[in-house]
Amino acid sequence: MASSSSVLLVVALFAVFLGSAHGIAKVPPGPNITAEYGDKWLDAKSTWYGKPTGAGPKDNGGACGYKDVDKAPFNGMTGCGNTPIFKDGRGCGSCFEIKCTKPESCSGEAVTVTITDDNEEPIAPYHFDLSGHAFGSMAKKGEEQKLRSAGELELQFRRVKCKYPDGTKPTFHVEKASNPNYLAILVKYVDGDGDVVAVDIKEKGKDKWIELKESWGAVWRIDTPDKLTGPFTVRYTTEGGTKSEVEDVIPEGWKADTSYSAK
């Protein structure tokens, strides 16, 4: 009769065999992508999800907390980044040029996508799970669906500064359930680095800045026993160290589940 240790060994080896046979062996993530810009291209794997010409998630949202990513200014040119790209939400809003040369339906021309969602599938050091629309945008004209039929491909990418259309302003969405003792703010449409690594608010007439904590995705929050009334000036810092202040952007009498844009 086989010993229990022998049985466990056989089971373990069989599991390894199955993992290799089905291509699910885990690949460690690469180093974090930071706010450094240049001409160097890096290699990544790319897949796509959602509807073929859609923006990815069924609700047009994602793990960053953005809504309506199928509409302007994102226009569905969005995707998930794996751990070194998403960075527990600190990669939300960052922009990347991507391109592919194989298969033949690839155009080789770079297109720009924004990170709006998270992807933890460990298939490569860097992995972009793109919206169907963004994936197809790497194709030669008229061959978008042919490229999507490939399912998975190798691409090249580099981080670039975000450039939103004229008239697009930094926007602060006061999240649902916010109240005078709990304020949660989602920050979006940030030119330049695109991402945000710190958020502070200051009540009108006061000198003290109040630091918000990371909540999830691109959402920052504060819990306080002291009532917050507004108006609030919001100061946000991007990964590259750029600090911006938007004076009195959240008004007195602000409401939950409401967006306020820079004037």
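The following chat walks through a predicted model of one protein chain.

Me: What helices and strands does the protein chain have?
Reply: In this predicted model, the protein chain has four helices and 15 strands. Its C-alpha trace spans about 75 × 60 × 35 Å along the principal axes.

Me: And how much of the chain is buried?
Reply: Of the 263 residues in the protein chain, 47% are buried. The chain exposes about 13,800 Å², and carbon and sulfur atoms supply 53% of that area.

Me: What share of the contacts comes from residues 24 or more positions apart?
Reply: Among contacts with a separation of 6 or more, residues 24 or more positions apart account for 71%.

Me: How many positive and negative side chains are there?
Reply: There are 33 positive and 37 negative side chains, and the centres of these two sets lie 2 Å apart.

Me: Switching topic, which domains does UniProt place on this chain?
Reply: An unreviewed UniProt entry gives "domain: Expansin-like EG45" for residues 61-167, and "domain: Expansin-like CBD", also from an unreviewed entry, is placed at residues 181-262.

Me: What is the helix and strand content of each span?
Reply: Residues 61-167 are 13% helix and 28% strand, with end C-alpha atoms 22 Å apart. Over residues 181-262, the chain is 0% helix and 51% strand, and there the end C-alpha atoms are 24 Å apart.

Me: Where is Ser178 found?
Reply: Ser178 is in the loop between β7, residues 171-174, and β8, residues 182-188.

Me: Is Ser178 buried or exposed, and why?
Reply: Ser178 counts as buried because its relative accessible area is 10%, and the cut-off for buried is under 20%.

Me: What does its side chain reach?
Reply: The side chain of Ser178 reaches the backbone oxygen of Glu175 at 2.9 Å, and the backbone nitrogen of Ala184 at 3.1 Å. Setting aside neighbours within four places in sequence, Ser178 is in contact with Leu183, Ala184, Trp254 and Ala256.

Me: Now Asp195, where is that one?
Reply: Asp195 sits in the loop between β8 and β9, the latter being residues 198-203. Asp195 is buried, with a relative accessibility of 0%.

Me: Which side chain does Asp195 make a polar contact with?
Reply: The side chain of Asp195 makes a polar contact with the side chain of Arg159, at 2.8 Å. Arg159 falls within the residues 61-167 that the UniProt record assigns to "domain: Expansin-like EG45", while Asp195 falls within the residues 181-262 recorded as "domain: Expansin-like CBD".

Me: What else does Asp195 touch?
Reply: Not counting residues up to four places away in sequence, the residues that Asp195 touches include Lys87, Arg90, Gly91, Cys92, Thr237 and Glu239.

Me: Going on to β9, is Val199 buried or exposed?
Reply: Val199, which is in strand β9, is buried with a relative accessible area of 1%. Beyond residues up to four places away in sequence, Val199 touches several others, among them Val187, Ile210, Leu212, Trp220 and Val234.

Me: And what about Ala198, buried or partly exposed?
Reply: Ala198, also found in strand β9, counts as partly exposed at 25% relative accessibility. Its contacts, leaving aside neighbours within four places in sequence, are Trp220, Arg235, Tyr236 and Thr237.

Me: How far apart are Ala198 and Arg90?
Reply: The C-alpha atoms of Ala198 and Arg90 are separated by 9.5 Å, with their positions 108 residues apart along the chain. For Val199 and Gly132, which are 67 residues apart in sequence, the C-alpha to C-alpha distance is 32 Å.

Me: Which peptide bonds are cis?
Reply: One is the bond from Lys102 to Pro103, with omega near 5°, where Pro103 is in the loop between β3 and β4. Another joins Gly230 and Pro231, with omega about 0°, and Pro231 lies in the loop between β12 and β13.

Me: Why pick those out?
Reply: They are picked out because most peptide bonds are trans.

Me: Which residues other than glycine have a positive phi?
Reply: Two examples are Lys87, with phi near 55°, and Asp248, with phi near 50°. Lys87 is in the loop between α2 and β3 and is buried at 12% relative accessible area, whereas Asp248 is in strand β14 and is buried at 18%.

How values were computed:
Residues are numbered from 1 along each chain as its sequence is written. This is a predicted model: local features need pLDDT of at least 70, side-chain atom pairs count only at pLDDT 80 or more; totals for chains, interfaces and linings use all residues. Side-chain values use heavy atoms; hydrogens and water are left out. Helices (H or I, at least four residues) and strands (E, at least two) are DSSP runs, numbered from the N terminus. Buried means under 20% relative accessible area, exposed over 50%, partly exposed in between (1.4 Å probe, protein chains only). Contact means heavy atoms within 4.5 Å. Accessible areas come from the Shrake-Rupley method with a 1.4 Å probe; for residues, only the protein chains shown count as cover. Lys and Arg count as positive and Asp and Glu as negative; His and the chain ends are not counted. The place of a charge is taken as NZ of Lys, CZ of Arg, CG of Asp or CD of Glu. A polar contact is a pair of N or O atoms within 3.5 Å; within protein, one must be able to donate a hydrogen and the other to accept it, and residues adjacent in sequence count only if both atoms are side-chain atoms. UniProt positions are given in the numbering used here, feature names are shortened, and annotations may be inferred rather than shown by experiment.
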